[in-house]
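Me: I should like to learn how to read a ligand site in a model. Could you take me through one, feature by feature?

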Amino acid sequence: MTSSEDLARRVRDVSRLTGEFVLRSGRIANEYFDKYQFEADPELLDQLAQRMAVLIPEGTEVLAGLEMGGIAVVTALARHAKLPTAFVRKQAKQYGTARLAEGAEVAGRRVLVVEDVVTSGGQVVISTGELRRLGAHVDHALCVIDRQEGGAEALAAEGIKLRALLTRADLT
Ligand SMILES: O=P(O)(O)OC[C@H]1O[C@H](OP(=O)(O)OP(=O)(O)O)[C@H](O)[C@@H]1O
Ligand SMILES: O=C(O)c1cc(=O)[nH]c(=O)[nH]1
């Protein structure tokens with residue numbers, strides 16, 4: 001198996017960009033991890049998912065990936081975890097089933113939120129609130145990269161423990 005250091009190096013090599021970037025939170029950063037680059041490499045994505053599977057909290061019943069980058073991660077993770085999967089939109093679909101969370105039912109189930117990158121934690125907090133309103137029990141989130149910019153603390157304030165496969169420190 002690829003070592004943790006080799007895996008971190010591969011993620012950094014394919015996804016780390018430097019320059020000036022506006023982040024989802026509105027913050028400006030001079031470093032950006034383009035998650036679609038490690039998600040677009042099936043072998044690398046599968047290795048990440050294999051490592052993330054051991055971080056899934058005991059008792060998890062459903063994996064819920066967040067649109068858009070979290071969808072590829074959760075799909076890869078589910079193959080290892082053998083758990084049903086929900087696909088969580090940023091906004092409920094306006095037609096058809098009109099669902100916010102597609103796929104597996106989340107109501108009344110212990111749901112793990114799965115995300116690619118966590119910066120401020122804002123997106124995970126929003127989506128967790130929406131999942132909870134749908135009846136999901138959410139107390140953990142799992143991400144590929146924690147940029148270590150206050151996300152874990154913001155999640156903790158909402159009763160969500162963050163687990164991360166990699167931190168920014170692993171990728172510099
Ligand atoms: O912790 P935060 O400060 O909320 O930032 C991280 C969020 O921002 C990025 O999403 P983006 O809006 O780029 O969406 P995408 O996955 O749809 O490309 C990333 O995928 C997280 O969802
Ligand atoms: O905070 C963000 O929006 C963000 C940061 C990052 O490194 N990568 C990403 O896809 N989004």
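Reply: The discussion that follows concerns the surroundings of ligand 2 in this predicted model.

Me: Which residues surround ligand 2?

Reply: One begins with the shell of residues near the ligand. Here it consists of Leu23, Arg24, Tyr32, Phe33, Lys35, Val117, Thr119 and Arg147. Sorted by class, four of these residues are nonpolar, one is polar and three are charged.

Me: Which atoms lie within polar-contact distance of ligand 2?

Reply: A polar contact is a pair of N or O atoms within 3.5 Å. A polar side-chain atom of Arg147 is 2.7 Å from an oxygen atom of ligand 2, and one of Lys35 is 3.4 Å from an oxygen atom of the ligand. Phe33 takes part through its backbone, with an N or O atom 2.8 Å from a nitrogen atom of ligand 2.

Me: How much of the accessible area of ligand 2 does the protein cover?

Reply: Coverage is judged against the area that the ligand has on its own. For ligand 2 that area is 290 Å², of which the protein covers 91%. The space that ligand 2 takes is the largest pocket.

Me: Which residues does UniProt list for "binding site"?

Reply: The unreviewed UniProt entry lists Thr119 and Arg147 under that heading. They gather at one spot, because their C-alpha atoms are no more than 5.3 Å apart although they span 29 residues in sequence. Both Thr119 and Arg147 belong to the lining of the largest pocket.

Me: Where does Thr119 lie in the secondary structure?

Reply: Thr119 is in the loop that links strand E6 (110-118) to helix H5 (122-133).

Methods. Residues numbered from 1 in each chain as written. Chains lettered and ligands numbered in written order. Predicted model: local features only at pLDDT ≥ 70, side-chain atom pairs only at ≥ 80, totals over all residues. Heavy atoms only, no water. Near = heavy atom within 4 Å. Polar contact = N/O pair within 3.5 Å; in protein donor to acceptor, adjacent residues only side chain to side chain. Areas by Shrake-Rupley, 256 points an atom, 1.4 Å probe, with all protein chains shown as cover. 1 Å grid on protein atoms, 1.4 Å probe; cavity = no way out; pocket = protein on both sides within 12 Å on 5 of 7 lines; lining within 4 Å. Sits in = over half its atoms within 2 Å of the grid points. Nonpolar A, V, L, I, M, F, W, Y, C, P; charged D, E, K, R; others polar. UniProt positions renumbered as here; feature names shortened; annotations may be inferred. Helix = DSSP H or I, 4+ residues; strand = E, 2+ residues; numbered from the N terminus.
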